[in-house]
Amino acid sequence: MFFNFKEPAVKTIKLSFKYHFLHIQRYSYVNMYMKWKKDSYYDSIEHIHYSIQLKPIIALKNCIVRDPNGCIPISAVSKRGLELDVPMKVARFMRQYPSIFEEFTGPEYNLPWFRLTPEVAEIDRDEKRVYEECREDLRSRLRKMILMTREHVLPLKIIQGMQWYLGLPSDFLQHPEQILDESFRFVEMEDGLKGLALESREKIYSVMERNAMKSGFYSGGPMEAIEFPFFPSKGLRLRRKIENWLNEFQKLPYISPYDYFSNLDPNSDIADKRLVGVLHELLSLFVEHSAERKKLFCLEKYFGLPQKVHRAFERHPHMFYLSFRNKTCTVILKEAYSNKSAIEKHPLLRVRKKYIKLMKKSEVILRNRRVNNRFSNSNAKLDIDSNDLDEKGHEMASCSLEQVA
């Protein structure tokens, strides 16, 4: 691990009053750049790393489910690859998952058609039951995300980009009544954007606050210090100067992601602690408690995050792990997988794991097909060789008889 240090700035005190409590903002941050440390445990969590392939599978599955006949010709989706996040030609992609998509010849022009296998159709019904029974849970996650924003409003395009992570139905924006209640309202935003706003005076406690209350380390008052849980990877060691800074960082007041934050100086340590708290709370709301890092950058403007938000992941490797599998960078909240009782599981996770099990079954089916094809080709070659030998043997015998005659 490598570090690049810069001397801390002189400590200053900035006083401001809001909600009748005192903000003390210090400027003592030590810049550090850590070399990434691989952790095989987080790199091997299947439902995180299969999620990228699962997303277009679910999108295609939904296209088939919505069709009245329960099947579609390839022409219905072949030109929608970009829209459905399919990374290759749609037909080729669907053929990679024979345990999910069953191919057959259509009634006209011998075009390939696809329908769902019985196994995935059953999982789809289970998924619908989860959406119906856990409507309040999904609504709560969306509500919390909006309440973390500066003005309690998010553009619809941002919500659409976060649907997969929040576990919202794919047709949520077409049928918002499935999830929303009267506290939500659609509004016009700047630049002609349409947004979803929320009016709520309800006090929201973050995961960090609730866990601290359970442990007796937090009374719910303003400007109390809450220490973030650290889960260091094996071989990840920090120099003493960094450890000292982290100890001071933990003693800073915890600013809830749901509290007013406009009066915080973005260059102060306390603003940095709020940033870490926002990222922790966001990831705790998501299905896999992880997200592609680039997807989080689009939230900067609305959540009051600094432009260099990615540095928070580098500064706090004990809390966040960066995985580079699948040719992308995925941020994983360590606490969700190191202390499984600390963060509530998303109700949709169980269903996604079932889909992933079918994806792995497809891998076995395709592997067996390749083996069988090689075996068939080998047998065919043996048959040809045998025929050649028989013909040559017959010719040799004929020649011998002619010579004897």
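Colleague: How much space lies in the largest pocket?

Modeller: The largest pocket holds about 1100 Å³ (an open set of points on a 1 Å grid over the protein atoms alone, where a 1.4 Å probe fits, with protein on both sides within 12 Å along at least five of seven lines). The model is predicted, so local features need pLDDT of at least 70 and side-chain atom pairs pLDDT 80 or more, while totals for chains, interfaces and linings use all residues. Residues are numbered from 1 along each chain as its sequence is written, and side-chain values use heavy atoms, without hydrogens or water.

Colleague: Which residues are closest to its centre?

Modeller: Of the 39 lining residues (an atom within 4 Å of a point), Asn 62, Gln 163, Pro 169, Ser 170 and Asp 171 are the closest to the centre.

Colleague: And which elements give two or more residues to that lining?

Modeller: They are helix 3, helix 5 (118-133), helix 7 (156-166) and helix 15 (349-404); helices are DSSP runs of H or I with at least four residues, and strands are runs of E with at least two.

Colleague: Turning to the sheet, what is the strand order?

Modeller: The open sheet of three strands has the order 3-5-4, with antiparallel pairing (at least two DSSP bridges between two strands). Strand 3 (71-73) and strand 4 (101-105) are the edge strands, each pairing on one side only.

Colleague: How many bridges join strand 3 to strand 5?

Modeller: Three bridges join strand 3 to strand 5 (residues 112-116). In strand 5, Trp 113 is the bridge partner of Pro 73.

Colleague: What packs on the sheet?

Modeller: Helix 3 (residues 51-66) does, touching strand 3, strand 4 and strand 5 (heavy atoms within 4.5 Å).

Technical notes
Axes fitted to C-alpha atoms, helices over the stretch in contact; angles between N-to-C directions. Points joined across faces, edges and corners; volume = space filled by probe spheres on them.
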